[in-house]
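Let's take a walk through this model together. Have the viewer open, and keep the sequence at hand for the numbering.

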Amino acid sequence: MSNLVEGRTGEWEVVIGLEVHAQVSTSAKLFSGAPTAFGADPNANVSLVDAAMPGMLPVINQECVRQAIRTGLGLNAEINLFSVFDRKNYFYADLPQGYQISQYKQPIVGEGTLRLDMPDGTTRDIGIERLHLEQDAGKSMHDQHPSKSYIDLNRTGVALMEIVSKPDMRSAAEAAAYVKKLRSILRYLGTCDGNMEEGSLRADVNVSVRRPGDEFGTRTETKNLNSMRFIQQAIDYEVARQIEIIEDGGEIDQETRLFDTGTGTTRAMRSKEDAHDYRYFPDPDLLPLVIDQSEVDELSAGLPELPDAIRDRLTSEYGLSAYDAAVITEERETAAFYEAASAGRDRKLVANWMTVELFGALNKSGESLGACKVSPEALGGLVGLIEDGTISGKIAKDVFADMFETGKDAATIVEEKGLKQVSDSGAIEAMIDEVIAANGDKVEEYRGGKDKLFGFFVGQVMKASKGQANPGMVNQLLRAKLDG
Amino acid sequence: MSVDKATVARIARLARINVPEDRQEQLVGELNGILDWIAELDEVDTGAVEPLASVTGHGLPRRSDEVTDGNRVDEVLANVPETAGGFFVVPKVVE
């Protein structure tokens, strides 16, 4: 599959790197005991440390350290046993310290890899450059007053993991697949809730274009994208903009850009002359972060099975398609549901029922899997009834709709409604005889060579049985009677 | 290493300190005096020495993940010139 973009003067290759800011799942902030909960009253989740009162000192929350290590392990990355916190200096109203505590030259996590699952079933490895811990800033609201901004520091000091990829992606679709996979891994690990609407996961995208095989072109960075759609839109817009500038004989400025969610376009930030002069230096309030290898080993032993491993198991051991395996493993809850539902059943059939019927019904009703009335065991039970011939696949769809509605199990519904499949050859033959007797003219036509009428007879027999006759037996017995 | 007037003006702007034009030349002299003094360290060859972030040799002490603070809006806003509905109110800063 070629990702090249056709310009007026030939083909262009797109180069994308992402910086994802993921809010660390903890109760308290990175360096203070204030809560991280979303949706509190303005400035209610603020300690005097977060407000940067003189004399306040930061003390690190150990769960933030452990969550960063878990995430590093989940990204197959090197854990740095010695790392350093630095001050990144800039002025903004929602940053009361005048600097963000971050990690610059010595981050807690080094190089790793993330495997992308492409829609065509292939995979692709994307390099992770680093992961570091840093403080989030506060929130500014500019629409409350004509000449004033309102500042809420609730988010100030909440722990973020900045996860930086290598410039390994070549299309907007790959960038979206990367964020989707990263989000999935973070949610399996429980280190970030991945809620993009609440801002728990945001991405900065670095985009450049080049002629295939050339050196990297000059890149731009578009900040703070909080949905998959915005990420793809910003990339598509930047690619088109950059190609047009270069093809018109111009040059790309290395700059930070802002995305306008209303128009789907990007524009340069105005105040760019001082933008990258952060004057980093080690934070004198914080000693270097030293981690013992035994702590890394302990966290490693406690990790859950991750989506790649489960996916490999589903395709190699259970024989699922790459697509079904990817859909089932995207969320930890879904994978667990599938494991429970398919235990002891036809694994492929359960996967099919889950991805088609169950997900279809959930999509339609807007419910989550967790709130769904169909338990994994109940779905497994339904598939069991199909497997042992108690009901046909067609009847099973009606039974499923009933299960989804009422939460009853499949066997109960089949019993109550008398939906049991008719596999008694005598009963089926009796129905066939009736159909043949009632359609003498059609039988003549069929025997005269009009083979297509066979389907008509099958339909009539199924109708006579209210859909409950075993379709395989109907076919076999009907053919014997008509042709015999 | 030394600074000139333009650098002094730039540092002042980055630090949001108002340094009038007629004070800048004087600061160039003062800052260069400090930089010359620190430059005496260049007499030591540190080519093979790792940068030092701390002299104590201790690791970073950690606290447990418990909520022990917050819900002190009045104190947080005590020194603020202008507030509204629990927010800090500042001159409009928007891109």
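What follows goes from the domains of one chain to its core, and then to the other chain and the contact between them. Keep in mind throughout that this is a predicted model.

Start with chain A, which is divided into domain 1 (5-298), domain 2 (305-417) and domain 3 (425-483). Measuring between C-alpha centres, domain 1 of chain A and domain 2 of chain A sit 37 Å apart. Their contact draws on eight residues from domain 1 of chain A and nine residues from domain 2 of chain A. On the domain 1 side, strand S7 (112-117) and helix H2 (172-189) of chain A each supply at least two residues. H2(A) gives the most there, with four residues. Sorted by class, that side of domain 1 of chain A has two nonpolar, three polar and three charged residues.

Now for the inside of chain A. The largest nonpolar core has 63 residues, and the members that touch the most others are Ala68(A), Ala175(A), Tyr178(A), Val205(A), Ile231(A) and Ile235(A). Quite a few elements of chain A each put in at least two residues, including helix H1 (62-74), strand S8 (123-135), strand S11 (159-165) and helix H3 (228-247). H2(A) gives the most to this core, with nine residues. To see how the packing works locally, click on Ile235(A): setting aside its neighbours within four places in sequence, Ile235(A) is in contact with Ile16(A), Ala172(A), Ala175(A), Val205(A) and Val207(A). There is also another core apart from this one, of 33 residues, with Ala326(A), Met354(A), Ala378(A) and Phe400(A) among them.

Val205(A) is a handy way into the strands. Why is strand S12 (residues 201-210) of chain A said to be largely enclosed by the rest of the structure? Here the cut-off is 20 or more other C-beta atoms within 10 Å for a buried residue. Nine of the ten residues of S12(A) are buried, so the strand is largely enclosed by the rest of the structure. Look at its partners, too. Strand S2 (residues 11-23) of chain A runs antiparallel to S12(A), and ten bridges join the two. In that pairing, Leu18(A) stands opposite Val205(A). S12(A) also pairs with strand S13 (residues 220-225) of chain A, again in the antiparallel sense, over four bridges. In this second pairing, Val205(A) stands opposite Thr222(A).

For a contrast in burial, go to Gln97(A), in the loop between strand S5 (86-89) and strand S6 (99-102) of chain A. Gln97(A) has 18 C-beta neighbours inside 10 Å and therefore counts as partly exposed. From C-alpha to C-alpha, Gln97(A) lies 30 Å from Arg219(A), with their positions 122 residues apart in sequence.

On to chain B. Chain B has three helices and three strands, and along the sequence they come in the pattern α-α-β-α-β-β. What radius of gyration does chain B have, set against a compact globule of 95 residues? The globule would have a value near 12 Å, but chain B has 22 Å. Along the principal axes, the C-alpha trace of chain B spans about 55 × 45 × 25 Å. Buried residues make up 7% of the 95 residues in chain B.

So how do the chains meet? The contact involves 35 residues of chain B and 45 residues of chain A. Strand S1 (62-63), helix H3 (73-76) and strand S3 (87-91) of chain B each bring at least two residues to the chain B side. S3(B) gives the most to that side, with five residues. By class, the side of chain B that touches chain A has 16 nonpolar, ten polar and nine charged residues.

The meeting point to zoom in on is a sheet that both chains build. This open sheet of four strands has the order S9(A)-S10(A)-S3(B)-S2(B), with antiparallel pairing. Its edge strands are strand S9 (139-141) of chain A and strand S2 (83-84) of chain B, each pairing on one side only. Across the chain boundary, strand S10 (residues 148-152) of chain A pairs with S3(B) over four bridges, and Tyr150(A) stands opposite Val89(B). Within chain B, S2(B) and S3(B) pair over two bridges, where Ala84(B) stands opposite Phe87(B).

How values were computed:
Residues are numbered from 1 along each chain as its sequence is written. Chains are lettered from A and ligands numbered from 1 in the order in which they are written. This is a predicted model: local features need pLDDT of at least 70, side-chain atom pairs count only at pLDDT 80 or more; totals for chains, interfaces and linings use all residues. Two residues are in contact if their C-beta atoms, placed from the backbone, lie within 7 Å. Ala, Val, Leu, Ile, Met, Phe, Trp, Tyr, Cys and Pro count as nonpolar, Asp, Glu, Lys and Arg as charged, and the others, Gly among them, as polar. Two strands pair if DSSP finds at least two bridges between them. A residue is buried if 20 or more other C-beta atoms lie within 10 Å of its own, exposed if 12 or fewer, and partly exposed in between; C-beta atoms are placed from the backbone. Domain bounds come from an automatic or database domain assignment. A nonpolar core is a set of buried Ala, Val, Leu, Ile, Met, Phe, Trp, Tyr and Cys residues joined through C-beta atoms within 7 Å. The radius of gyration is taken over C-alpha atoms; the globule rule is 2.2 Å times the number of residues to the power 0.38.
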